[in-house]
Amino acid sequence: MKILFTKNIDPTIISKELGEDISVDCVEVIKTKPIMISPFDLKNYSLIFTSVNGVISFFKNRFKPNENFTAKNYNKIYCVGEKTKRELRKHGFGTFKVLKNAETLSRFIIGKCQHEQFLHFCGNLAINVLDQELPLQNIKYKKVTIYNTEETHPLINEKYHAAVFFSPSGVRSFARRNSLEGMKLFSIGETTSGELRNYTQDEIFTSEENTLTSIFALIRKEIRSRI
């Protein structure tokens, strides 16, 4: 079986997770670059991060959250996904709440956090769930774009039995010049699967969690079913 991963992943991790019998190529289909802005006071705001790149760019811009829970105006931090949570921990910060995607985060905020005001640090192609839903509930919300995502639209001539996608922008970038037909399609999370459905009616195998561990488990399960 020959699989295309649409982002670079350590080959030793792939071999450990999938074994030596699976042929894998990795092709980056998007590029990200931090946007440098002047850091400003975060007082009275709750912070939202929906990607690892959002966290990395936030700290490159020298923002300083106040996570002293005894302080009156400390910053609650909400994030999407375990990878985003781990990136925050690398910088010494914990999270008030971790949700699996933007839709569940939006529902949680609407249900339990009506009186907070939010800053969402994200990329230029971030999905619009939060900024469409929160203001309708009179929740103060502002999107702060701190990195750019560029779709590179590579043309891939090699044929693969399966392809693995990690973001809606990655799906769009690949689909611009390549067909999804004739491959098993694996997706990390429901948001990415939703974008894939714009391009195919074939079955999409969606991981339960937005993690590499979950997507590898899904691929192994499907490989075993073919034997």
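In the predicted model, Asn 101 caps the N-terminal end of helix α4, with a side-chain oxygen 3.2 Å from the backbone nitrogen of Glu 103. Helices (H or I, at least four residues) and strands (E, at least two) are DSSP runs numbered from the N terminus. Residues are numbered from 1 along each chain as its sequence is written. In this predicted model, local features need pLDDT of at least 70, side-chain atom pairs count only at pLDDT 80 or more, and totals for chains, interfaces and linings use all residues, while side-chain values use heavy atoms and leave out hydrogens and water.

Helix α4 spans residues 102-112, and its buried residues are Ala 102, Thr 104, Leu 105, Ser 106, Phe 108 and Ile 109 (buried: under 20% relative accessible area, 1.4 Å probe, protein chains only). These residues pack against strands β4 (46-49), β5 (77-80), β6 (97-99) and β7 (117-123), and against helix α5 (129-133).

The largest nonpolar core (buried Ala, Val, Leu, Ile, Met, Phe, Trp, Tyr and Cys residues joined through side-chain atoms within 4.5 Å) has 17 residues, and Ile 3, Phe 5, Leu 18, Val 164, Phe 186, Ile 215 and Ile 219 have the most contacts inside it. At least two residues of this core come from each of β1 (2-5), α1 (11-18), β9 (162-165) and α8 (212-226). The largest share, five residues, is supplied by α8. Apart from this core lies another, of 15 residues, including Leu 42, Val 55, Phe 59 and Leu 88.

The end C-alpha atoms of residues 45-216 lie 37 Å apart, and this span is 31% helix and 24% strand.

Note on methods
Buried means under 20% relative accessible area, exposed over 50%, partly exposed in between (1.4 Å probe, protein chains only). Contact means heavy atoms within 4.5 Å. A polar contact is a pair of N or O atoms within 3.5 Å; within protein, one must be able to donate a hydrogen and the other to accept it, and residues adjacent in sequence count only if both atoms are side-chain atoms.
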